[in-house]
Amino acid sequence: PVDPPGCYQVLQGAVWTFADQRLPAAGGIRDKARLASELGRCGVDSGVIRGLMELLDSCEEGIYGGQSPDRDLSPLLVRAKDLLKAADARLA
């Protein structure tokens with residue numbers, strides 16, 4: 001059985017790790033508004049930023065809202081990969 005809160009925590013951690021690695025000047029961002037601002041300052045597309053904020057919101061809902069263990073998380077994982085790749089390409 002899948003542990004949805006655990007999956008959401010890993011996914012959320014991946015976004016914050018990405019921010020730490022790709023935005024080192026931002027000094028350990030752990031605030032969504034600050035992350036969005038820093039990504040925008042670095043030229044990341046507003047649609048990608050919005051998608052990442054929605055992803056983090058989904059993770060919080062999954063961690064704290066209690067999701068069904070039968071929920072298919074594959075689309076969310078694919079979306080996360082696509083968003084992080086798009087942001088990474090702009091930061092390269």
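The following exercises, each with a worked solution, concern a predicted model of a protein chain.

**Exercise 1. Describe the fold of the protein chain and state how its extent relates to the globule rule.**

Solution.
Step 1. The protein chain contains 4 helices and 0 strands.
Step 2. Read from the N terminus, the order of elements is α-α-α-α.
Step 3. With a radius of gyration of 13 Å, against the 12 Å that the globule rule gives for 92 residues, the values are close, so the protein chain is as compact as a globular protein of that length.
Step 4. Along the principal axes, the C-alpha atoms occupy a box of roughly 40 × 20 × 20 Å.

**Exercise 2. Determine which parts of the chain the salt bridge between Asp 88 and Arg 22 ties together.**

Solution.
Step 1. Side chains of opposite charge can pair when their charged atoms come close.
Step 2. A salt bridge requires nitrogen and carboxyl oxygen within 4 Å; for Asp 88 and Arg 22 the N to O distance is 2.5 Å.
Step 3. Asp 88 belongs to helix 4 (residues 74-91) and Arg 22 to helix 1 (residues 4-22), so this pair ties together parts 66 residues apart in sequence.
Step 4. Asp 88 has 30% relative accessibility and counts as partly exposed; Arg 22, at 29%, is also partly exposed.

**Exercise 3. Identify the residues that are linked with Lys 32 in a network of salt bridges.**

Solution.
Step 1. Lys 32 forms a salt bridge with Asp 57, their closest N and O atoms lying 2.4 Å apart.
Step 2. Since Lys 32 lies in helix 2 (residues 32-41) and Asp 57 in helix 3 (residues 46-65), the pair ties together parts that are 25 residues apart in sequence.
Step 3. Glu 60 and Lys 32 also meet in a salt bridge, at 3.2 Å from N to O.
Step 4. This second pair links Glu 60 in helix 3 to Lys 32 in helix 2, 28 residues apart.
Step 5. The network therefore consists of Lys 32, Asp 57 and Glu 60.
Step 6. Lys 32 is partly exposed at 22% relative accessibility. Asp 57 is partly exposed at 31%, and Glu 60 is partly exposed at 31%.

**Exercise 4. Characterise the burial, contacts and surface of the protein chain.**

Solution.
Step 1. Taking under 20% relative accessible area as buried, 36% of the 92 residues qualify.
Step 2. Among contacts with a separation of 6 or more, 66% involve residues 24 or more positions apart.
Step 3. The exposed area is about 5400 Å², of which carbon and sulfur atoms supply 52%.
Step 4. The chain carries 11 positive and 13 negative charges, whose mean positions are 7 Å apart.

Note on methods:
Residues are numbered from 1 along each chain as its sequence is written. This is a predicted model: local features need pLDDT of at least 70, side-chain atom pairs count only at pLDDT 80 or more; totals for chains, interfaces and linings use all residues. Side-chain values use heavy atoms; hydrogens and water are left out. A salt bridge is a side-chain nitrogen of Lys or Arg within 4 Å of a carboxyl oxygen of Asp or Glu. Helices (H or I, at least four residues) and strands (E, at least two) are DSSP runs, numbered from the N terminus. Buried means under 20% relative accessible area, exposed over 50%, partly exposed in between (1.4 Å probe, protein chains only). The radius of gyration is taken over C-alpha atoms; the globule rule is 2.2 Å times the number of residues to the power 0.38. Contact means heavy atoms within 4.5 Å. Accessible areas come from the Shrake-Rupley method with a 1.4 Å probe; for residues, only the protein chains shown count as cover. Lys and Arg count as positive and Asp and Glu as negative; His and the chain ends are not counted. The place of a charge is taken as NZ of Lys, CZ of Arg, CG of Asp or CD of Glu.
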